Amino acid sequence: MAPEPVSDLAVTDPKHAVRATRSAGRKMRSLLLDAASRLFRERGLSGTSISDIATAANAFPSQITYYFRTKEALFVETACRDMLYLARATEQAALKAHTPREYTHALAETVTATDSVAFFAEALTLTRRRQDLAPLVERTIERLHSEGARAYAGQVERHGWRSLRAPEESSRRFWAVAIGVIVEGFAMGRAPDEMCSELLRALGAQATATSTDEGARLRLVGERGDQTSSDGETAS
């Protein structure tokens, strides 16, 4: 089969060439991150070489050092990316909830179903010795908090729940507790359902459901004039 003719635009337009180069670069970075994620999870940082990752991604070792500089930097970026993917999946699972109890259970069940949190915890430990990698972890944690708060506030407003804490506090508390429970769970060899139960117990109540139609407005329990319905449901 004859090769397709190269567009005159691709040859003569420098901006088009730059866009094509950037697109190819993003694709290669994604392929390297995918391959690294799989190998790091299977073999760990010390058991995975740059050559292993390059082979799995059908790339050259020099491309890894070009895009990520070091294996440690690739490890941290891979763990951070996987953590954000997990956060997105957790939010999507919780969107199906209609009560605070369902919401909290969906969060806990999703976040304990994979090893992404344990993988991320390894990256946290690594940055203790490699402070140059800390900014990426800090940005990832901030995104976890801000996007978690946004998603939670949206659910509270959508369903008219009364939150026991401000969304920002609730999100930070959830991820802090989740990381602690899951790291301990992996260290102790606990099954996902055991970690899920422990996480639910540690989180406790997050919001109460109300049967009144006050409009979709975020309310905090204890707010002036707030009276929780006696038949309202408490998340647990």
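Is Arg190 buried or partly exposed, judged by its relative accessibility? In this predicted model, Arg190 counts as partly exposed, because its relative accessibility is 32% and the partly exposed class covers values that are neither under 20% nor over 50%. Arg190 also has a charged partner, for it forms a salt bridge with Glu184, and the closest N and O atoms of this pair are 3.0 Å apart. Glu184 counts as partly exposed as well, at 41% relative accessibility.

This pair can serve as a way into the salt bridges of the structure, of which a search of the whole model finds 13. One of them joins Arg69 to Asp132, with 3.9 Å between the closest N and O atoms, a distance that counts because the limit for a salt bridge is within 4 Å. Arg69 and Asp132 are 63 residues apart, and their salt bridge links distant parts of the chain: Arg69 sits in the loop between helix 4 (61–68) and helix 5, whereas Asp132 sits in the loop between helix 7 (116–129) and helix 8. Arg69 is exposed, since its relative accessible area is 54% and the exposed class begins over 50%, while Asp132, with a relative accessible area of 45%, is partly exposed. These two residues also belong to a network of salt bridges in which Arg69, Glu72, Arg130 and Asp132 are linked.

A salt bridge within a single helix is found between Arg143 and Glu147, which both lie in helix 8, four residues apart, or about one turn of the helix. The closest N and O atoms of Arg143 and Glu147 are 3.1 Å apart. Arg143 counts as partly exposed at 41% relative accessibility, and Glu147 counts as partly exposed at 25%.

Arg143 leads on to the spaces left between the atoms. Rolling a probe the size of a water molecule over the atoms shows where empty space is left. The largest pocket found in this way holds about 230 Å³ of space, and among the 13 residues that line this pocket, Arg143 is one of those nearest its centre, together with Glu77, Arg81, Leu84 and Leu136. Helix 2 (14–43), helix 5 and helix 8 are the elements that give two or more residues to the lining of the largest pocket, and helix 5 gives the most, with five residues. When the residues of this lining are sorted by class, six are charged, five are nonpolar and two are polar.

What remains is the space from which the probe cannot get out, and here the count comes to one cavity of 30 Å³ or more. About 160 Å³ of space lies in the largest cavity, which is lined by 15 residues, and the closest of these to its centre are Tyr103, Leu107, Gly148, Ser171 and Phe174. At least two residues of the cavity lining come from each of helix 5 (71–94), helix 6 (100–111), helix 8 (134–159) and helix 9 (167–188). The largest share of this lining, five residues, comes from helix 8. By class, the lining of the largest cavity divides into eight nonpolar, five polar and two charged residues.

Helix 8 therefore returns in several parts of this account, since it holds both Arg143 and Glu147, gives two or more residues to the lining of the largest pocket, and supplies five residues to the lining of the largest cavity, with helices numbered from the N terminus.

Key: Residues are numbered from 1 along each chain as its sequence is written. This is a predicted model: local features need pLDDT of at least 70, side-chain atom pairs count only at pLDDT 80 or more; totals for chains, interfaces and linings use all residues. Side-chain values use heavy atoms; hydrogens and water are left out. On a 1 Å grid over the protein atoms alone, a cavity is a set of points where a 1.4 Å probe fits but cannot get out, and a pocket is an open set with protein on both sides within 12 Å along at least five of seven lines; lining residues have an atom within 4 Å of a point. Grid points are joined across faces, edges and corners, and a volume is the space filled by probe spheres set on the points. Ala, Val, Leu, Ile, Met, Phe, Trp, Tyr, Cys and Pro count as nonpolar, Asp, Glu, Lys and Arg as charged, and the others, Gly among them, as polar. A salt bridge is a side-chain nitrogen of Lys or Arg within 4 Å of a carboxyl oxygen of Asp or Glu. Buried means under 20% relative accessible area, exposed over 50%, partly exposed in between (1.4 Å probe, protein chains only).
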